[in-house]
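Work through the exercises below with the sequence and the model open. Each task is followed by a solution in steps.

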Amino acid sequence: MKSLLKTTVAAVAFAALGSAAQAADLKACFVYVGPVGDFGWTYQHDQGRLAVEEKFGDKVETAYLESVAEGPDAERAIERFAREGCNIIFTTSFGYMNPTIKVAKKFPDVKFEHATGYKTADNVATYNSKFHQGRYIIGQIAAKQSKTGTAGYIASFPIPEVVSGINAFLLGAQSVNPDFKVKVVWVNTWFDPGKEADAAKALIDQGADIITQHTDSTAPLQVAQERGVHGFGQASDMINFAKDAQYTAIIDDWAPYYIHRVQEALDGNWNSHSSWEGLAEGHVVMAPYTNLPADVVEMAKATEAKIKDGWEPFTGPITKQDGTVAAEDGVRLDDGAILGMNWYVQGIDDKLPE
Amino acid sequence: MRIELVKRKEHSQTMALLSPVIAVALTALSAAILFSITGHNPFVGLYKFFIEPLTQQWSLEATIDKATPLILIGCGLAICYLSNNWNIGAEGQFVVGALFGCALPILYPDFENVATLPLMLLFGAIGGALWALIPALLKTRFNTNEILTSLMLVYVAGLLLDYLVRGPWRDPDGYNFPESRIFSDAATLPEVFGGAMSLSAPITIVVAVILAIVLAKTLKGFEIRVMGESPRAGSFAGFSAKRLTLFSFALAGALAGLAGTMEVSGALNQLLPSISPGYGFTAIIVAFLGRLNPIGIIIAGFVLALSYIGGEGVQSAMGVSNEIASVIQGLLLFFVLACDTLILYRIRFTSRRIADGEASHV
């Protein structure tokens, strides 16, 4: 009994000293909305965290909390990290925006980075990627490959990021086949394999032979594989889940951004900003083109190169669903219009939820 | 040979008091084993999970804050369950209460004065009560099964919230994102002590204590218990089962609605498409862990909240996965229920022949 007590006391003392024993220069912490094993959105953020660990070794310590619900749990999770000595905290879901701003006010010396939001402060930066660039490419592939001329789109929430993705997809498709159709199902979740699979089945039953998604699980692609149709990986290369079905995937590569920002924090020249980069900077990466004929691969690679050279998929002529002109021929939408997009382009077989 | 549970003639009072302690000890032991086989130091893990949250003011307040809605909803549910009314829909009553309570700061953002908060809390309680009265009325008028109706109304409430936040109540300056405007200070429940908890905690404790007194000392409390244990005896005493059904549902709904309003006003400051990580369902567990006694529910709510906060602690400090933390929470519930079962029953190993012989006597 006595020895057990001793061990316990020692363990408690060890626990208390735990943080002091590790002499890292910087602690970088990550709050995830899904499980690390979603093989989509959260998985990619965690790959970014691991890249930071690998790059900086003992100089940087990392920690993460997974499956943190958006709401009061988020605020507590962020505050916990701030209190536990994290120097820079990455909050990786849109719903963490207001909790991040709230906690940041209380901890002016801690640096916060919020993904996909629009509120910044002296110690809160935002970062996002131009996923819509990848969606334009997969739209082109879809139009080339589809026999029915219809794609099914599994969408999460009608926020600008998702709406601009649907629009970019259709603009890409229309550049190949002006009559191309896209059907949209809103599942109102970022991660729910069951719901996502049901939506995929419903869309295939309605004649879609290409499935694409703005949700985080591999389920829609697995359904596509089972039903013999095709699709695209989302956030992560999902080829292992759909060997024959995946044409390519839009990969979110957060590693360059995380390494860059942690480096700046280490060097003492971190500043708040709003980062929004895409294919050219390597923040969005296309997975290898597979299951495709050579001419389609060539087309996709040509578009990829064009975008990397600075061409913007949201370049006119663009007509809104209601028939009004969004951009004249050759005119490029400005960043604000893309980041706040709340209208569909003409040709989408859906009404934007209001 | 087989294993049987045989009802004990007498329950040991000592064991009844000791059983939660034994359950926690067994949970700790299992947790230590889990930490060990996943490659973590079991002593550090146990310390981070069960002790550390209690050692700092912030984490202690965060624990109380997490426990608050569970306790408030659990107390209302206990009244329902004691009186034999199976209200499973507290999650929906929580949401509709929040909608009623938050209508004021969303629709009349300029109405900012001392009356704002009290009115919000009042509306919240009324909203929750009205939502709860739907299954109660269906039960008393049409004899429908309240378990089903109250549960199904949870999903209706969730969709109603979703519709409002995406549509009419969406923040006009919010870039089309599905969330309401942020409440002004006048509509925000003030923080108390260190700031990790709001005024909802003291309000909840007061409500729980009042309910404990009502249950133990008043005629209404007697009525609730009698009607639960023996409705026939109760009807001879002049109590009306229907009136009590309406009363207990309305009370439980009001408390859930109050909890919802306080959660949104104090913690979120705005309506979001999802405002509860399942408080209304977890509160059912809390009500039974607390043995349907308001004081017991305070303790049960706190212990359950501790397991959430501790779970986060081991995740962030040791990289233990979220699943391990959930398993430990599950083990805690399992051991509490198992220990309680063994107070009422004992295990008997019997051969099939004897068991069959006994069965023929029944």
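The exercises cover chain B, the contact of the two chains, and the domains of chain A.

This is a predicted model, in which local features need pLDDT of at least 70, side-chain atom pairs count only at pLDDT 80 or more, and totals for chains, interfaces and linings use all residues. Residues are numbered from 1 along each chain as its sequence is written, with chains lettered from A and ligands numbered from 1 in the order in which they are written.

**Exercise 1.** State how many helices and strands chain B has, and judge its compactness.

Solution. Chain B contains 14 helices and four strands (DSSP runs numbered from the N terminus: H or I, at least four residues, for helices; E, at least two, for strands). Its radius of gyration is 23 Å, close to the 21 Å of the globule rule for 362 residues, so chain B is as compact as a globular protein of that length. The radius is taken over C-alpha atoms, and the rule is 2.2 Å times the number of residues to the power 0.38.

**Exercise 2.** Describe the side of chain A that touches chain B.

Solution. Contact joins 35 residues of chain A to 28 residues of chain B (C-beta atoms, placed from the backbone, within 7 Å). Next, α1 (2–21), β2 (60–65) and α3 (72–83) of chain A each supply at least two residues of this side.

**Exercise 3.** Find the domains of chain A and their separation.

Solution. Chain A splits into domain 1 (24–129) and domain 2 (131–251 + 284–349), with bounds from an automatic or database domain assignment. Their C-alpha centres lie 28 Å apart. Domain 1 of chain A gives 12 residues to the contact and domain 2 of chain A gives 13 residues.

Key: Contact = placed C-beta atoms within 7 Å.
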